[in-house]
Amino acid sequence: MGGWPSTFYLYGTIGVVWCVVWCIVGSKTNMQSNLQDNYNYEVPWKLMTSPPVITLYFVHFVFDAGYILLITDIPTFFNSILDFDLELAGLLNMAPHLCVLCMTVIGGLLGDYLISHDKLSILGTRRLLNTFCFGLTAVFIIILGYVYNSDLSLTIMVFAFGIYGFKFAGVNANVLDIAPFHSGIIIGMMISIGSIGGLVATTLLGVLTETNNTLRQWRVEFWTQAALQICALLAFFIFGSDKPQEWAKPPEESADIERQH
């Protein structure tokens, strides 16, 4: 029961306990009950063809591809290419998440400040934070393939990972800008599609390094990831929106609009 197995048992048990507690004490809010009493919720399938929403799906796909690469495969790069001491693996696993936490808070505060003080529009703020997130991460990922010092590489990796924290006040918050009433299903789709990005990233890396685990092959992966990050940045810059979508308005608002016309 000791060692690594105890870690899995501990977190697995916590998850089961939380599930049981949730099933017992969890309940619908009054708002949700009132909404369900007034009408039956229907999924607006236009969310599958709406350009701003499709953009969010693509951006999250790219996010997961980079995120999974950094958290699961970079330790292998450190060990096999840079001869990083795995006894420091605890730091390698902990530091990026702490950096993400800090950047998420900073991104949220920065976004709120820019919007509330009329420094930038909502869309301008989302674009700025998205640029920080994917633009800087792309730069850090490329640099990672050309630094031979383990300590410096670790620092770069932590920042590359941490910068992703800006995404939550950028792309994630944008869901509430364009379709707050359907944000749950859109975010669910984003997460599902994003998981495919992680699968693609690890599969590509496996193809590149399975029989030829060299720095050159890792650089191919890093440049590919950086190119994807830039594509996500440009896609949101071009197709992103902060306007509530017509199809995403609650039934009451749609009915009011029809009566006005």
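Guide: A helix here is a DSSP run of H or I, at least four residues long, and helices are numbered from the N terminus. The model is predicted.

Visitor: Where do W218 and F222 lie?
Guide: The two residues are four apart, about one turn of the helix. Both are buried. Their shared element is helix α9.

Visitor: How many helices and how many strands does the protein chain have?
Guide: Reading along the sequence gives α-α-α-α-α-α-α-α-α-α. No strand interrupts that pattern. The count is ten helices and zero strands.

Visitor: What share of the contacts with a separation of 6 or more comes from residues 24 or more positions apart?
Guide: Contact means heavy atoms within 4.5 Å. Among contacts in the protein chain with a separation of 6 or more, the share from residues 24 or more positions apart is 80%.

Visitor: What percentage of the residues in the protein chain is buried?
Guide: Buried means under 20% relative accessible area. The chain has 261 residues. The buried share is 39%.

Visitor: How much of the exposed area do carbon and sulfur atoms supply?
Guide: The protein chain exposes about 14,700 Å². Of that area, carbon and sulfur atoms supply 67%.

Visitor: Which helix supplies the largest share of the largest nonpolar core?
Guide: This core has 48 residues, and F78, F134, L144, I186 and F222 have the most contacts inside it. Seven helices, α3 (51-80), α4 (89-116), α5, α6 (150-162), α7, α8 (183-209) and α9 (215-239), each give at least two residues. The largest share, eleven residues, comes from α3.

Visitor: Which side chain meets D177 in a salt bridge?
Guide: Side chains of opposite charge can pair when their charged atoms come close. The structure holds one salt bridge. Its N to O distance is 2.8 Å, and the partner of D177 is R126.

Visitor: How far apart in sequence are D177 and R126?
Guide: D177 sits in helix α7 (residues 171-178), R126 in helix α5 (residues 122-144). The pair therefore links distant parts of the chain. The separation is 51 residues.

Visitor: Are D177 and R126 buried or exposed?
Guide: The cut-off for buried is under 20% relative accessible area. D177 has 12%. R126 has 10%. Both D177 and R126 count as buried.

Visitor: Which residues is D177 in contact with, leaving aside its neighbours within four places in sequence?
Guide: D177 lies in helix α7. Its salt-bridge partner R126 is also on the contact list. The full list is I122, R126, D242, K243 and P244.

Visitor: What kind of aromatic pair do F77 and F222 form?
Guide: A search of the whole structure finds eleven aromatic pairs. For F77 and F222, the ring centres are 5.2 Å apart and the planes stand at 80°. Planes over 60 degrees apart count as edge-to-face. So the pair is edge-to-face.

Visitor: How many residues apart in sequence are the parts that F77 and F222 tie together?
Guide: Both residues are buried. F77 lies in helix α3 and F222 in helix α9. So the pair ties together parts whose separation in sequence is 145 residues.

Visitor: What is the angle between the planes of W218 and F222?
Guide: F222 also forms an aromatic pair with W218. The distance is 6.0 Å centre to centre, and the pair is tilted. The angle is 50°.

Visitor: Which residues form one aromatic cluster?
Guide: One member, F134, also ranks among the residues with the most contacts inside the largest nonpolar core. The cluster is made of F63, Y67, F134, F161 and Y164.

Visitor: How far apart in space are I163 and V100?
Guide: I163 is in the loop between α6 and α7, and is buried at 5% relative accessible area. Beyond its neighbours within four places, I163 is in contact with M103, F132, C133, L136, T137 and F140. I163 and V100 are 63 residues apart in sequence. Their C-alpha to C-alpha distance is 6.6 Å.

Visitor: What is the phi of D118?
Guide: Most residues other than glycine have a negative phi. D118 is not a glycine, yet its phi is positive. D118 lies in the loop between α4 and α5 and is exposed at 68% relative accessibility. Its phi is about 55°.

Visitor: How much accessible area does the nonpolar patch on the surface have?
Guide: Its members are V16, V17, W18, V20, V21, W22, I24 and V25. One of them, V20, is found in helix α1 (residues 4-25) and is partly exposed at 44% relative accessibility. Together the patch residues have about 860 Å².

Technical notes: Residues numbered from 1 in each chain as written. Predicted model: local features only at pLDDT ≥ 70, side-chain atom pairs only at ≥ 80, totals over all residues. Heavy atoms only, no water. Buried < 20%, exposed > 50% of the residue type's maximum accessible area, 1.4 Å probe, protein only. Areas by Shrake-Rupley, 256 points an atom, 1.4 Å probe, with all protein chains shown as cover. Salt bridge = Lys/Arg side-chain N within 4 Å of Asp/Glu carboxyl O. Patch = residues over 30% accessible without salt bridge, like charges linked within 9 Å, V, L, I, M, F, W, Y side chains within 5 Å. Core = buried A, V, L, I, M, F, W, Y, C linked by side-chain atoms within 4.5 Å. Phe/Tyr/Trp six-rings, centres within 6.5 Å; stacked < 30°, edge-to-face > 60°.
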